[in-house]
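Please open the structure in your viewer and keep the sequence at hand. The tour proceeds by selections, each followed by a description of what is found there.

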Amino acid sequence: MRRGSWRVRILIGLAIVAFAFIRRCSNQEENPYTGRTQNINMTTEQEIAIGLQSAPEMAQQHGGLYPDERMQALVDAVGKKLVRSSVARETPYQYDFHLLADDRTINAFALPGGQIFITYALFSQLNEPQLAGVLGHEIGHVIGRHSAERIAESNFWQTLATGASVGGDMGQLVAGIGQNTLLTNGRDDELESDELGVLFMIQSGYDPNEMIEVMEILKAAAGPNRVPEFQSTHPDPENRIEKIKEAIQKYSGR
Ligand SMILES: [Zn+2]
């Protein structure tokens, strides 16, 4: 390749990289509910719309909703109590708690904007305070805007990878860094949600020590073929329990 075209490629590559960084800076905002500064490129309305749009498909993937209305009513009652008693009630999100029919996959997860799911397989192993712990953790993902943050981060790394590949065929390398960053964020997401879950449990009158029991239940349930949402990003369970104990100390004294 001629020297001149290399120079142009590098310039274009640098321009794309600069664009990615500038956009990232302009996307920085402080989360009013957690106080954490995040890189976000969508509105809360968009988050809610994405969640509502994806909810039916999510339910379908887990065999639809659990047919027994009484069980669903319990999930609703505990979920609403958590929202009512915490900062969640001040957020614009629309919280819906869905009990899924799936009785084999131990799982719970949240879509952006407030759509929260728990499988019957997990639900059936929990007492009410533990259910509150799981739902509180999922509300933490919503309030922490973790999905929106991951989407913004992955856009950033994609743009960066594009710039690097145009400039100097380094796309693969940068893409690799991006992957690691996403995984690291995932682990931090879990820890932040655990802490928020503990806080919401206390505010709703539940014993936060039950969150430790939830971790033990998940640990026992996770076999080689079962990766519950709580462990999908591989935070060390013992480290998680340590952090939960710290959160209990931090918030119980209030
Ligand atoms: Zn989680």
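The stops below begin with confidence and then move through a helix, a salt-bridge network, a further ion pair and a surface patch.

**Stop 1: colour by confidence**

This is a predicted model, so colouring by pLDDT is a sensible start. The mean pLDDT of the protein chain is 85, and 85% of its residues reach 70 or more. Select helix α3, residues 69-85, where confidence is highest, at a mean of 98. Then select α7, where confidence is lowest, at a mean of 74. Where pLDDT is low, the predicted coordinates should not be read in detail.

**Stop 2: helix α5**

Select residues 128-143, the 16 residues of helix α5. From the first C-alpha to the last, α5 reaches 22 Å, close to the 22 Å expected at 1.5 Å a residue. Is α5 enclosed by the rest of the structure or not, and how many of its residues are buried? Of its 16 residues, 14 are buried, so α5 is largely enclosed by the rest of the structure.

Add Asn127 to the selection to view the N-terminal end of α5, which this residue caps. A side-chain oxygen of Asn127 lies 2.9 Å from the backbone nitrogen of Gln130.

**Stop 3: Arg145**

Continue just after α5 to Arg145, which lies in the loop between α5 and α6. Its phi is near 55 degrees, a positive value in a residue other than glycine. Arg145 has a relative accessible area of 8% and therefore counts as buried, the cut-off being under 20%.

**Stop 4: the partners of Arg145**

Keep Arg145 displayed and add Glu29 and Glu47; the three residues are linked in a network of salt bridges. Side chains of opposite charge can pair when their charged atoms come close.

Which parts of the chain does the pair of Glu29 and Arg145 tie together? In this salt bridge, the closest N and O atoms are 3.1 Å apart. Glu29 lies in strand β1 (residues 28-30) and Arg145 in the loop between α5 and α6 (146-168), so the pair ties together parts that are 116 residues apart in sequence. Glu29 counts as partly exposed because its relative accessibility is 34%.

Now turn to Glu47, which forms a salt bridge with Arg145 whose closest N and O atoms are 2.8 Å apart. This pair also links distant parts of the chain: Glu47 belongs to helix α2 (residues 44-61), and Arg145 is 98 residues away in the loop between α5 and α6. Both Glu47 and Arg145 are buried.

**Stop 5: Glu195 and Lys250**

The count for the model comes to 12 salt bridges. For another of these, select Glu195 and Lys250, whose side chains meet at 2.6 Å, N to O. The pair links distant parts of the chain, with Glu195 in helix α7 (residues 171-203) and Lys250 in helix α9 (residues 237-252), 55 residues apart. Glu195 has a relative accessibility of 27% and so counts as partly exposed. Lys250 also counts as partly exposed, because its relative accessibility is 46%. Recall that α7 is where confidence is lowest in the protein chain.

**Stop 6: a nonpolar surface patch**

Finally, select Trp6, Ile10, Leu11 and Leu14, and display the surface. These residues form a nonpolar patch there, with about 390 Å² of accessible area together. Ile10 lies in helix α1, residues 3-26. With a relative accessibility of 40%, Ile10 counts as partly exposed.

How values were computed
Residues are numbered from 1 along each chain as its sequence is written. This is a predicted model: local features need pLDDT of at least 70, side-chain atom pairs count only at pLDDT 80 or more; totals for chains, interfaces and linings use all residues. Side-chain values use heavy atoms; hydrogens and water are left out. Helices (H or I, at least four residues) and strands (E, at least two) are DSSP runs, numbered from the N terminus. The expected span of a helix is 1.5 Å times one less than its number of residues. Buried means under 20% relative accessible area, exposed over 50%, partly exposed in between (1.4 Å probe, protein chains only). A polar contact is a pair of N or O atoms within 3.5 Å; within protein, one must be able to donate a hydrogen and the other to accept it, and residues adjacent in sequence count only if both atoms are side-chain atoms. Patches are made of residues with over 30% relative accessible area and no salt bridge: like charges are joined within 9 Å, nonpolar side chains (Val, Leu, Ile, Met, Phe, Trp, Tyr) within 5 Å. Accessible areas come from the Shrake-Rupley method with a 1.4 Å probe; for residues, only the protein chains shown count as cover. A salt bridge is a side-chain nitrogen of Lys or Arg within 4 Å of a carboxyl oxygen of Asp or Glu. pLDDT is the predictor's confidence in each residue, from 0 to 100.
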